[in-house]
Structure formats: structure tokens, C-alpha cells
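Subject: Handover of a structure and notes on its contents

Dear colleague,

Please find the structure below, passed to you for your own work. My notes on what was found in it follow directly after.

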Amino acid sequence: MPLVNATGYWDVSDYGSTPLYTAALPGERVAVEPRERDILRGLAERLADLAARPREREITRLWLRHNRLEATRPLIICDPENGWNEIIREEDLACTGRLAKHWEMALRKELFWAESIRDDRPVEAVFRVGYTATESGFGVEERYVHRESGGSYTWVPPLRAPGDLARLRRPELEVDRAQTREAAGLASELFSGLLSVEVRGVWWWSLGMTYELVVLRGMQQVMLDMVDDPPLVHRLMRFLTDNALARLDYLEAQGLLHQNSACYLPPGGFGHTEELPGADWSEPVGTAQMWGFAESQETVGISPEMFAEFIFPYQLEVLERFGLASYGCCEPLERRWEVIRRIPRLRKVSVSAFADPAAMAAQLEDRYCYCLKPHPADLAVPVLDQEGVRRKLRRAFELTRDCRVEVLMQDNHTIGGNPRNVVDWVRIAREEAGA
């Protein structure tokens, strides 16, 4: 896949969370030079001081109330995503080693969030280290065609004919536990007395499976297949579902899953809840103790009936395993709502910039978390239109006054080269939310 750099100075193409990028690479020398240690400890000390503020405990309690569907003010989150490259540039980093630079970037992001953005993201005195792991593919390989990293692209799907499905193989995951322990041990020694260190896996972003479907077969071809060859689509979705379920079984059996209620969750916001076991859960964590998430942005062009036939039954089979569930990303969901609402223990629902906000407010009411996603184009300008932003947010809060709202500014490809846009957007959002 093309390199996207979605979360700031990352040399991989995933929109995953920080632990993925704090992992040591396979075979990498796990070390931080003395000068870099001083830099990282200085940043960690600042973060620990910020995490000790009473404000952080108040925000966590607010998420707990919101996630159990109590009436609260709208909660505000802003993730600059690719805009981090315009806030913390590579030349702003003081460390030079690969691992140290990634750890520095992770800490500087936390500090900018806490000191400048000041949204409703709780600051924690925690440093999360990812697993060192590799995973084989499906036995076939797509070919991407693009001009530059982070730009538009197309691809040549590997499954060009029905007979190609026989080439599919279930991916194998290999975790280097020794290298993971070494990286976690280094972090524990480095941040001793300042930050607690947790090993956390980022094993999926979405369990929706339609991204893999269209990569393997092609977007246009999948839509044609739904009419011309329905059994083929079902065969592919059955393969992807069996793979997802087997992968979850493996992660559970190997003790590689972790309780995720204190983490940032798609479609957005934080998952703090008392309805799942907390941090003191002593047994190996399974999916029943976690939030699950799925979406199907790629199938936005098909009817609700076709979605219900070809996609949803397979997603439901996966999501049924989880203790709580969230659904949706950029796709509008109002036309699919009667299908999606069948997900058991569904709690958070995406209301994207392309959705009908009034229709979604009527459907969700106070029974689900209304995850409002303003259009990221508002930030993609050299100077923020502050009055325009204020008008849009005020109107959104009027429409959703009877809902349980969290506002999630994300999917930012650029912030117009102006970090102030992020700071001002959050300030305005908090003012309009009554924070």
C-alpha cells in the first residue's frame, strides 16, 4: 500500500494508534543513546506533570457518563492525523536513532495535545509499546499505481477471475516476544518514576472486511459481481470472515488482546466504560471484554438491500463476539440504519460529514452515542474561517440537542500548514459545547 504518513513521521501506511509505531522493528537493535535518553526523559517528565492535573480525572468521568448514555455536554476530540506532519516536522525532532525518533514523536504529540489542543482527550502518564510482529498476506499481491506518497492512487487487484480464489491463503501472524520484551524493558528503564509502560497490540483498525474485499477484487468489479456473480461475493466474504474469526481466536489463545476501553476508538472518542472489565482484569482478555468496530465505506454505492445481503451478515458474525460495539466511518448510515441497528450491544455510531445529521439524530436519539464528524476541509486552509466553523457547530448542536454527542474532527489530510487551525477549532467547539 502507498505510504500515507497518517499520524506524523511514520514510515508505514496504517492509520493505527501510537503503539504500532512505538514497536521495535524485527531484527532492530533496541537501544537509545545517552543524549537521546535525556531528551526523552525530559519530555516524559512534562507529560507526567500534565497527567497529574485534576482536569484529566474530570474528563475521564465525563466519558464514563457519556458512554453509559447519560446527558452531558458534547465531548470534543480533534486528531490532526496527517496534519501532525505540519505540527511536528521531522526537523523539529532532536533524536536521531529510528526508535528514539518514533518515541520522541509519540511523546511530543501527547504534549501538544495536552498543552495546545486541549480537547477532551484524557492525558495519561502511560507509554504504550507495540508488539514486534510480522504477518504474511493472503497469498496474492495487489499492485499499486501512484505518483507520490500520500497522494491519490489506483491498484491492480490480484483476483481477476473466479479461479484465482483458489490462490488465497489465510495470513499467518508471527510475534517476536523477545524483541517486544526488550523494547518494553528499555522503555520501563528509561521512563522509570515518570510513566508506566504497557505493551499493547494494534491488531486491526476495522473488522468490516470490505476494504480487503475491494483490494482483492477491485471496487468496480465487486459491484458488478453483486449482480453478475453473487455466489462469488459470498465466497470471498466467507473467506474473509473465517479469517477474521480465526485471527481473533489466535489472539485470544496467545494472550495478545488487551482491554481497550481507555483507548481512542473508531469511529471516534474514548471508550471509558464500567460495562466491561477494567484495568484490574486478571484473566487473559478476550473479545467479550473489548469494544469491537466495523464499517463499510467501500460499499456506499450499493443499496441497503444489497448491503444487508452481501456484507452485513458477515460483519455481524464478527461483531457479536464483542462486549460493546461501534459502527461506521465516512459512509452515511441513515439509509442502512434499520440493518445496522441489529448489532448487539451497539453503542457508538458514526455520523459522517456526508450523512444527513437530522435523520441520524432522529434515529439515534439518546439510545446511542452520536459520533459527529465535521468536514475536515474546514481545517485544510491557511487561515481558519472561525465564524463559519462556529455557525456549523452551533447548528449541529441544535439538531442534536436530544442526543448523546461527541464531536470528532479527524480524517485531516492537511491543516493548511497552520497548526493554529487545530487549536482555534477546538477552542470554538468547546465554547459552543459549553465546556
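Pro 267 sits in the loop between H9 and E8. The peptide bond that leads into this residue from Pro 266 is cis, with omega near 5 degrees. Please bear in mind throughout that this is a predicted model.

Two further backbone features deserve a mention. Most residues other than glycine have a negative phi, and most peptide bonds are trans. Leu 69, which is not a glycine, has a positive phi near 70 degrees; this residue belongs to the loop between helix H3 (54–67) and strand E1 (75–78). Glu 81 likewise is not a glycine and has a positive phi, of about 50 degrees. The location of Glu 81 is the loop between E1 and helix H4 (84–87). Glu 81 counts as buried because its relative accessibility is 9%, under the 20% cut-off.

As to the overall architecture, the protein chain contains 15 helices and 12 strands. Its C-alpha trace spans about 60 × 55 × 50 Å along the principal axes. The radius of gyration is 22 Å, which agrees with the value near 22 Å for a compact globule of 435 residues. Of those 435 residues, 54% count as buried. Among contacts with a separation of 6 or more, 76% are between residues 24 or more positions apart. The exposed surface of the protein chain comes to about 18,700 Å², and carbon and sulfur atoms supply 50% of it.

Turning to charge, there are 53 positive and 67 negative side chains, and the centres of these two sets lie 2 Å apart. Side chains of opposite charge can pair when their charged atoms come close. The count of salt bridges is 39. Three of these pairs are described below.

Glu 115 and Arg 46 form a salt bridge in which the closest N and O atoms are 2.8 Å apart. Glu 115 is in helix H5 (residues 98–117) and Arg 46 in helix H2 (residues 34–51), so this pair ties together parts that are 69 residues apart in sequence. Glu 115 counts as partly exposed at 37% relative accessibility, and Arg 46 is also partly exposed, at 37%.

Arg 347 pairs with Glu 275, again with a distance of 2.8 Å between the closest N and O atoms. This salt bridge links distant parts of the chain, 72 residues apart: Arg 347 is in strand E10 (residues 346–351), while Glu 275 is in the loop between helix H9 (230–253) and strand E8 (291–294). Arg 347 counts as buried at 13% relative accessibility, whereas Glu 275 is partly exposed with a relative accessible area of 43%.

Arg 427 and Glu 431 form a salt bridge with the closest N and O atoms 3.5 Å apart. Both residues lie in helix H15 (residues 420–433), four residues apart, about one turn of the helix. Arg 427 is partly exposed, with a relative accessible area of 31%, and Glu 431 is partly exposed at 41% relative accessibility. Arg 427 and Glu 431 also belong to one network, joined by salt bridges that share partners, together with Arg 390, Arg 394, Arg 420, Asp 424 and Glu 432.

With kind regards

How values were computed: Residues numbered from 1 in each chain as written. Predicted model: local features only at pLDDT ≥ 70, side-chain atom pairs only at ≥ 80, totals over all residues. Heavy atoms only, no water. Salt bridge = Lys/Arg side-chain N within 4 Å of Asp/Glu carboxyl O. Helix = DSSP H or I, 4+ residues; strand = E, 2+ residues; numbered from the N terminus. Buried < 20%, exposed > 50% of the residue type's maximum accessible area, 1.4 Å probe, protein only. Rg over C-alpha atoms; globule rule 2.2 N^0.38 Å. Contact = heavy atoms within 4.5 Å. Areas by Shrake-Rupley, 256 points an atom, 1.4 Å probe, with all protein chains shown as cover. Lys, Arg positive; Asp, Glu negative; His and termini not counted. Charge placed at Lys NZ, Arg CZ, Asp CG, Glu CD.
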